[in-house]
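Reader: I've got the model open and a stack of "how do you know that" questions. Mind if I fire them off?

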Amino acid sequence: MKKYKRTLVTSALPYANGPLHVGHVAGAYLPADIYVRYCRLKKREVVYICGSDENGVPIMLRARAEGVGPQKIVDRYHTMIKDSFEKLGVIFDYYGRTSSKVHRETSREFFRELDAKKQFITKSDEQLYDPEAQLFLADRFVFGECPNCGYDHAYGDQCEKCGSSLSPDDLINPKSSITNATPIKKKTTHWYLPLKKIQPKLETWINSHQDWRPNVLGQVKSWLDAGLHDRAVTRDLPWGVSVPEEIAGKAEVDASGKVLYVWFDAPIGYISATKEWSQQQGDPERWKKYWQDEDTRLIHFIGKDNIVFHCLIFPAMLMQHGDYVLPENVPANEFLNLEGQKLSTSRNYAVWLHEYLEKFDPDSLRYALASNMPETKDADFSWAEFQARHNNELADILGNFVNRTFTFIHKYFDGKLPAIGQLDALDEELINRISQSADKIGAAIDAFQFKEATRLFMDLARFANKYFNDKAPWKSRKEDITACATALHLCAKMTYALGILMQPILPFTARKIQQLLKIDENSMQDWDNASTFFLQPGHQFNQPEIIFAKIEDEKIQAEIDRLNAATSADDPEIEDAPEAPIAIDDFAKVNLRIADVVAAEPMKGAKKLLKLQVQIGNEKRQVIAGIAHHYEAEELVGKQVVVVANLKPAKLRGEMSEGMILAAVDNDGNLSLVSPEKAMPTGTTVR
Ligand SMILES: [Zn+2]
C-alpha cells in the first residue's frame, strides 16, 4: 500500500431538513469518527470534514409546508444536527454549511473551470412545468405513479416503494408537489456532465481499486454495466447556488434563475469546508495540501444511497477538473433497520439522535451501533439488543472489571497502585494480550472493520474480567499478598490499556477511566502506549464510581411503546406522503363515521394489537387497532370512536381489518382515541 503523508476524512453532508436518526449515525458518522480518533491516537496527520447540505428541493418543500422561508429551515436543522454530533462525541475539525459564501464561490469556481475546459454539454428539452407556481418541476417537486411498480406517490427522482431511480418524465399522471396542478411541458436548457464520454476513464480508475468493499464495487459495477447517462448539473429553481453570471452571459442559454444541481454542489461542500477550516487555522492555503497534493489519502464515509455520487459522479467532476486528488476509498455502509422494519422519517418510526441523547449515554449508543454496524449488509437495531449490549457487556464485563479492581485497591491498598512481583503464566498472558489486542484492533480499524474492532475490544475486557476471577485476590490477600499485589497492579495496567484502546468507540468512558486513574489527558493519547504502563507503585487513584449503571426494563419498554405507537396506524404499508396541501375534494374522499365499540379483545401473538367489533349505523365491522399498550380491551366497550369507513380492508396477523380508528399520537408515543364531544347516533358522518 502506498504511504501517505496525510489523510482527509469526510462524512456525507446531512441534509438540513430534519433531525438525525440512528440510521444516519451508523451509516456515515460513527465509523468515520472511530477511524479519525484512531488515526489521531496513531499520531497520523488527519483532518475530518463535514457540514450541512442546505440546498435542494426537499428543503424548499418543507419550507412551503411550514409557510416559512428555506433559510429558517436550514438554520433550525443545522444548529440541531451540529449539537447532536457534539453530544454524541462525533468531533469534526470543521462542520460547514453549503449556504456559506465560501461554498457558493468554490462551487461556482469549480463550475467555471469545467466550463472553461469545455467539460460540459448543453441540451435543451421540454420539461414539466407548474403553471400555477411558475416553476419547473425537477426531482421531488413532482410526484405520480411509478412506471415500474405502480406506486402512486413516486417522486420525480426516485420511487421510494421499489427504489428505482426515475426522471420526472417517467411518472404516469404527474402532479406538482407544490400546488397539485397537472404540469405542462416547457422548453428549458441545462448544462450536462457528459458521463457517457467519461465512463472509460472512470472504469480504469475503479479497476485500480479492487480493494474496496464488495458491496460498494458491486453497486458501482451495476451502474457501469448499465451504461452511464449524461447528467444535468443545473436546475431551474429559486433556491441554491446560482450559475455564474458571466457564463450565463456568454452562453446562448439564459442562465438567469438557474442553480447548480444539489448533487453537483454538495460534494464540493467538502472542499469549501476544508477551505473554511484552513482560514480558521490562520493558514488559508492549507486546504490545497489536502485536496491537491498526491500524498493525501481521501476517504469518504457514506451510506449506500450515496455510492453512485461518491464513486462515479464526484470523481468524474474531480477528474475533468484535473487539480484534485481522487478518493482512495469509499467505505459505504448499508442500511440500518429498526426492530425489523425500515426506518421512516415521516411516520416518526425512528430513534432520533437528539431524543436519545436526552435519555441515555452517548457511549452506549456508540457501542451498540459499532457492535452491529451495517458494514457489508443491512443490520437491525432493536431496543432489546441495545439494552443487552449495555447491561451484559458494557456494565457486566467492562464496568464490572474496572469497578472490582479499583474498589479492591481502595479497600486493601489505600487506593494506591500496588507493587509488581514475580509473574506467573497467566500474568504473562495478560501482558501479551494487551499488545496483541492493540495490534489487532488497530488493523481492523485500518481495514474499516469496525464491528470486528469492537468485538476484539470487548474480548480483551472479557479476558480481564476473567483474569480477576481466576486470580481471586480476595483469597490471595490472605495467602500470598505479593501475588495479590501483582494481580492488582496488572489489573490497573489493563485498565489503562483499555482506556486507550476504547477511545475510538467509547470516548466519554475513556475520560472517566483517565479521571479514575488520576492521570492527565495527554498520557492516554498514544495508541502505541497501550502496552506500556508508566505509573509507579504508590500512585494514588481516585475513588471508583459506577461507569455503567444498568438500564432498567421500563426505560426500554417506553421506547418500544413509542415506536409501536408510530406503527399503530392500522395500515402497516403507509409510506412517505408529499407534504403538499390537498383540495377539499381530496378530504371529502375520506368517509369518517361515528362508531360504537361493541366488543374488544387482545390479539394472540401481537402484543400491541386489539381486535375490535364496531357498529357503524346498521353495519357491524371488525377493526384491528395498534392501541393495546394504551387501552385495556374492556375499557373500550361502549366507547364512541371515529372510524375511516371506506378504507380498503386489509389482513393483519391473519385477521381482517375493515376500517381504521382515529387517534392522536404525540412524539413521546402517548396515544388518545378521538371521540365525539357529545354522544352521537352511530354511523353519523364526521366532516
Ligand atoms: Zn416503484
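Reader: What follows α1, and what is the sign of its phi?

Author: That's K43, and its phi is positive, near 65 degrees. Keep in mind that this is a predicted model, so every value here is computed from predicted atoms.

Reader: What makes you say that α1 bends, and where?

Author: The bend is the angle between axes fitted to the seven residues ending at a position and the seven starting there. At Y29 in α1 (residues 22-41) that angle comes to about 45 degrees. A proline, P31, follows within four residues.

Reader: Why is α1 called mostly covered?

Author: A residue is buried if 20 or more other C-beta atoms lie within 10 Å of its own. In α1, 19 of its 20 residues are buried, so "mostly covered" is the fair label.

Reader: And what makes I247 partly exposed?

Author: I247 lies in helix α7 (residues 245-250). Buried starts at 20 neighbours and exposed ends at 12. I247 has 18 C-beta neighbours inside 10 Å, so it counts as partly exposed. By the way, I247 and L488 are 241 residues apart in sequence and 72 Å apart in space, C-alpha to C-alpha.

Reader: On to α15. How do you know what span to expect, and what span does it reach?

Author: The expected span is 1.5 Å times one less than the number of residues. For α15 (residues 450-471), with 22 residues, that gives 32 Å. From first C-alpha to last, α15 reaches 32 Å, close to the expected value.

Reader: Which residues of α15 are buried, and what do they pack against?

Author: Among the buried ones are F450, L456, F457, L460, A464 and F468. N465 and K471 are buried as well. The buried residues of α15 pack against α1, α12 (362-371), α13 (383-412), α14 (425-446), α16 (473-479) and α17 (481-501). Right after α15 sits A472, whose phi is positive, near 40 degrees.

Reader: What makes the sheet β5-β4-β9-β10 open?

Author: Look at its ends. The 4 strands run in that order with antiparallel pairing. β5 (135-136) and β10 (231-232) stand at the edges with a single partner strand each, so one side of each is left without a neighbour in the sheet.

Reader: How do you know those strands count as paired?

Author: Two strands pair if there are at least two bridges between them. β4 (residues 121-130) and β5 have 2 bridges, so they pass. β4 and β9 (residues 184-193) pair over 9 bridges, and β9 and β10 over 2. To find them on your screen, D130 has L135 in β5 as its bridge partner, D125 has T188 in β9, and L193 stands opposite R231 in β10.

Reader: Zooming out, why is the protein chain called as compact as a globular protein of its length?

Author: The chain has 21 helices and 25 strands. Its radius of gyration is 29 Å, close to the 26 Å that the globule rule gives for 687 residues, so the label holds. The C-alpha atoms fill a box of roughly 90 × 75 × 40 Å along the principal axes, and 43% of the residues count as buried.

Reader: Where do the domains fall?

Author: Domain 1 covers 6-109 + 264-338, domain 2 covers 116-259, domain 3 covers 382-529 and domain 4 covers 577-686. The centres of domain 3 and domain 4 are 55 Å apart, taken over C-alpha atoms.

Conventions
Residues numbered from 1 in each chain as written. Predicted model: local features only at pLDDT ≥ 70, side-chain atom pairs only at ≥ 80, totals over all residues. Contact = placed C-beta atoms within 7 Å. Rg over C-alpha atoms; globule rule 2.2 N^0.38 Å. Domains from an automatic or database assignment.
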